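Please open the model in your viewer and keep the selection tool at hand. The stops below follow one another as a tour, each with something to select and something to look for.

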Amino acid sequence: MAEQEKPGIFDGCAFSIVPCPKELTDALIERLTESIVKYGGEVVPIKTDILKEMVSLRRVTHIIANSIDFPQYEEATSMMIPVVKSAWISASLAKGRLAQIRPFTPDPRMIFSEVVLSCADIPPTDQDAIIGATMAMGGMDSENVTKLTTHICALSMDHPKCQLAVNKKLKCKIVLPHWFDDCFKLGKRIDEGPYLLPDPEYLRANPEDAIKVPSSQHLEGATSARPDYLPSPPGDVVGARPTLTVFNGTKVMLSGDLSIRDRLKEIIRGLIESGGGEMVDDVEACDWFICQYRDGPQYIRASQTGKTVGNLSWLYYVITHNEWTSPFRRLLHYPVPRDGITGFRGMKITVSNYGGEARIYLENLIKATGATYTKTMKSENTHLVTARQSGEKCDAARDWSIHAVNHLWIEDSYAKCEKQPESKNRYTHFPARTHLGEIIGQTSFDEKILQDLYFPGGPEKLTPSSKRKRKILDKADENSYSEGPAEGVAIGRQKHKGINVMTDTDAEYAQKTTEAFGVPAPAKRRATTQFTTPAKGCQVRTGKENETPSTVSSTSRSAKDKALNRLSVLAPDIALYEKEKKRGLKDGHGLWGGKRAADLIDRENLNRSSSSPVAGEEKEAKAEKRPAKKARPTLPEVNMRVVLTGFQRWVNDKHREDADRKKLRDFGIAVVPDGQPCDYLVAPHLVRTVKFLRNLSKGATIVSSSWIEDCLDKKQLLDPQDYILKDEENEKKFGIKLATSVRRARQNKGKLLWNIPIYCTNNIKNGPAGYQAIAEANGALFMMYGARSGTTIKPTKPEEDEGGPDPVYLLSNTSPEERKLWTKFEAMATNGNMEPRIVAADWLLDVVMNQEVMFDEKYLVTNFFN
């Protein structure tokens with residue numbers, strides 16, 4: 001601790017410190033307490049053993065915890081009490097004042113918490129993107145390299161910042177910008193090792209080279225929802241199991257659907273009662289309810305009344321570690337759905353490049369979704385979950401058009417209780433020199449999603465404690481971000497002289513915290529995150545074609561599209577099919593996978609006979625004696641990629657659509673989802689849908705739907721140039737010339753609205769998501785604006801701005817709620833030396849349709865809706 005600082009830094013602050021055996025030990029807590037008291041603060045003990053009677057936190061201004069996994073966390077967020085890591089104390093002492101809260105939040109979703117970044121020889125536009133995204137995810141930006149700097153982003157060691165760090169032997173890490181990019185795409189913080197300068201493995205090694213399989217530190221005691229036995233105490237405990245204090249004053253109920261033997265039940269009863277707890281048979285009387293499935297009146301009642309609901313695996317974890325943990329933190333600590341997750345029934349999923357506990361965890365998670373897990377891979381498999389994009393299974397997935405995704409897809413689908421789109425970039429991204437097993441098991445449940453799906457509403461009569469718990473959960477959800485990279489995260493309000501966290505409005509609090517801490521406080525729920533780099537959404541549209549939708553399509557390329565590309569390269573295909581002939585089986589399906597990369601870990605750690613390499617070699621030897629099967633015919637090379645919009649031929653006729661798609665593929669025409677690169681946009685006429693405007697912005701050739709229909713009807717590939725779309729009626733209606741718009745789009749190259757700020761209200765017609773997709777497809781900076789939005793335009797005096805006022809747009813309508821926002825928006829723009837233009841959404845649609853930036857006062861909301 002910095003002993004030279006003068007007292008008074010923590011005047012008026014009352015701290016509670018949550019102990020953690022690994023990160024917040026008694027010795028560290030003692031040192032923190034001494035520093036807090038020395039500099040004017042107070043330490044209030046926090047009670048964590050009796051969970052049913054949560055301690056009142058009204059006296060507390062800050063909670064020190066290196067994890068959000070403690071019982072009072074929801075209560076703290078509902079009261080907007082800041083929860084910070086222990087490093088926040090050191091940072092405050094080093095600064096001589098209270099440090100910012102956001103960079104020290106223990107919430108794992110803020111992946112760059114405690115990161116202080118300084119950029120070196122990075123291009124300015126890339127610097128802005130990296131800094132903005134880092135700050136949005138909990139990090140801080142530093143113009144100069146100091147002792148507090150943790151990371152320098154650089155392309156080489158030649159920059160003065162890097163030389164300074166080396167000469168002064170600073171402890172900061174000098175990393176390539178690729179590390180930030182990979183972390184952004186995954187939404188997880190991966191190890192910096194492969195990206196460290198001066199000799200980064202990321203640039204030096206071959207992507208196909210082997211990578212050490214990491215240990216699965218987040219999966220301890222959470223690999224199965226139905227454990228076979230009660231684990232032994234941790235290795236550091238010698239002799240008999242110590243008395244458990246975690247059950248002190250707690251009533252536990254075991255549900256009948258657990259199907260455990262009487263002897264095991266008595267063992268559990270003995271452990272609970274010896275620790276001061278009690279076993280009960282009434283769901284109303286219990287504090288913890290242990291069950292296997294998310295159904296039944298007892299589960300619903302326990303969940304609705306705020307009981308702690310977990311499964312047997314969670315209970316065993318609590319017994320083994322003698323400490324409370326939230327059953328929502330680990331996916332297989334919460335009761336499983338009896339009928340699986342919607343959309344997974346009928347799927348056949350296999351796993352590659354994961355080993356040890358990670359492989360067992362994924363196997364059990366796949367089964368919990370309702371899908372079928374297969375150890376080997378055949379052509380009828382629908383999905384491959386892999387930690388790296390290398391190996392025989394990955395090659396086969398490309399050839400067989402099987403979705404190849406990382407484990408985040410299965411985890412997010414299970415956590416959100418619905419199948420997530422496989423084409424989302426987060427699920428198809430594989431960093432070249434990172435084994436994704438290092439971030440497995442970090443996904444948690446959102447209680448609100450579970451509540452809406454499995455125990456909606458609530459009983460009419462609730463006990464006072466149950467009412468309080470429900471109120472806490474609702475308030476905590478209200479105080480958290482509803483969108484953006486910090487979705488679900490709640491940042492508390494910091495107490496300070498002159499700041500009243502209970503009565504100050506968001507605007508007043510932002511202004512006061514700017515004066516006190518140098519930065520404005522992060523806005524609350526439904527607010528726009530400042531400095532975030534706009535990112536394209538990742539969802540495939542399923543609604544009507546001729547309406548501006550409220551969803552955004554993905555820009556990533558699906559696994560199926562990659563497989564079709566792979567099949568167009570004949571040489572690798574021939575080698576693969578020759579290998580397939582040697583490994584053919586009786587049923588005509590080849591066995592892919594063979595000896596897994598992680599078999600050694602499986603055998604040494606878990607002694608799983610199914611992963612024996614000897615058995616794999618015997619099967620392979622037998623397979624070589626069997627007759628080879630015929631190679632599957634390859635598809636012709638893709639010559640044209642098309643996106644369809646407003647296409648009526650396939651409406652309500654899935655079988656015809658599938659048959660027609662195959663015919664088109666035989667012609668060399670691939671129908672790709674919106675968001676992927678395309679050569680032609682097929683439409684019946686001019687329409688203002690998201691698909692049409694996004695692909696027009698790419699400069700795609702626009703042809704009539706009759707081209708596709710004639711190709712199918714005449715069973716031959718026709719020249720698309722003979723079907724260029726001509727629609728004079730709608731050209732006159734929209735005031736454009738389609739050929740001119742296409743020509744301009746090719747010149748603009750997606751930068752028609754480059755860096756033009758466009759704000760949008762939440763209540764805009766058809767929802768803001770569709771307009772966001774259109775604006776971002778043309779390079780605009782798209783942000784949401786609402787009643788609680790803070791100032792997102794830097795105040796600038798006219799003499800400080802080299803050019804004249806630039807325009808800033810707000811898409812709005814004339815409802816009374818919208819009108820209240822106009823004055824605030826105009827003031828924000830004027831203070832930033834910008835020209836506010838509050839316009840109807842038709843301005844954006846017309847600009848993109850014309851592919852020319854224009855403005856007319858007729859688009860102002862005060863004129864447009866009159």
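A residue is called exposed when its relative accessible area is over 50%, buried when that area is under 20%, and partly exposed in between. Keep in mind throughout that this is a predicted model.

Start by selecting Asn652, which sits in the loop between β17 (640–644) and α22. Its relative accessibility is 81%, and because the cut-off for that class is over 50%, Asn652 counts as exposed. Look at the backbone here as well, since the phi angle of Asn652 is near 60°, a positive value in a residue other than glycine.

From that loop, move on into helix α22 (residues 654–666) and select Arg656 together with Asp660, which are four residues apart in this helix and therefore separated by about one helical turn. Their side chains meet in a salt bridge, with 4.0 Å from N to O. Is each partner buried or partly exposed? Arg656 has a relative accessibility of 34% and counts as partly exposed, whereas Asp660, at 3%, counts as buried. Now add Arg649 and Asp713 to the selection, because these two are linked with Arg656 and Asp660 in a network of salt bridges.

The next stop is another charged pair: select Asp842 and Arg688, which form a salt bridge whose closest N and O atoms are 2.9 Å apart. Asp842 lies in helix α29 (residues 842–850) and Arg688 in the loop between β19 (680–683) and α23 (690–697), so the pair ties together parts that are 154 residues apart in sequence. Asp842 is partly exposed at 23% relative accessibility, and Arg688 is likewise partly exposed, at 21%.

Then select Arg301 and Glu284, where a further salt bridge brings the closest N and O atoms to 2.5 Å. Which parts of the chain does this pair connect? Arg301 belongs to helix α9 (residues 297–304), while Glu284 is in the loop between β10 (278–279) and β11 (288–290), so the parts tied together are 17 residues apart in sequence. Arg301 counts as partly exposed at 22% relative accessibility, and Glu284 is partly exposed at 38%. If you would like to continue with such pairs on your own, a search of the whole structure finds 26 salt bridges.

For a contact between helices, select α8 (residues 262–274) and α10 (residues 312–321), whose axes come within 12 Å and cross at roughly 45°. That angle makes α8 oblique to α10, and the crossing of the two helices is left-handed. Show the side chains of Leu264, Ile268 and Leu271 in α8, which meet Leu312, Leu315, Tyr316 and Ile319 in α10. Sorted by class, this contact has seven nonpolar residues, no polar and no charged ones.

Two backbone features remain. Select Leu197 and Pro198, which are joined by a cis peptide bond with omega at about 15°; Pro198 lies in the loop between α6 (177–186) and α7 (201–204). Finish at Lys169, found in the loop between α5 (160–167) and β8 (173–175). The phi angle of Lys169 is near 55°, a positive value in a residue other than glycine, and with 71% relative accessibility Lys169 counts as exposed.

Methods
Residues numbered from 1 in each chain as written. Predicted model: local features only at pLDDT ≥ 70, side-chain atom pairs only at ≥ 80, totals over all residues. Heavy atoms only, no water. Buried < 20%, exposed > 50% of the residue type's maximum accessible area, 1.4 Å probe, protein only. Axes fitted to C-alpha atoms, helices over the stretch in contact; angles between N-to-C directions. Parallel < 35°, antiparallel > 145°, perpendicular 65-115°, else oblique. Left-handed = near helix turned anticlockwise from the far one by under 90°. Contact = heavy atoms within 4.5 Å. Nonpolar A, V, L, I, M, F, W, Y, C, P; charged D, E, K, R; others polar.
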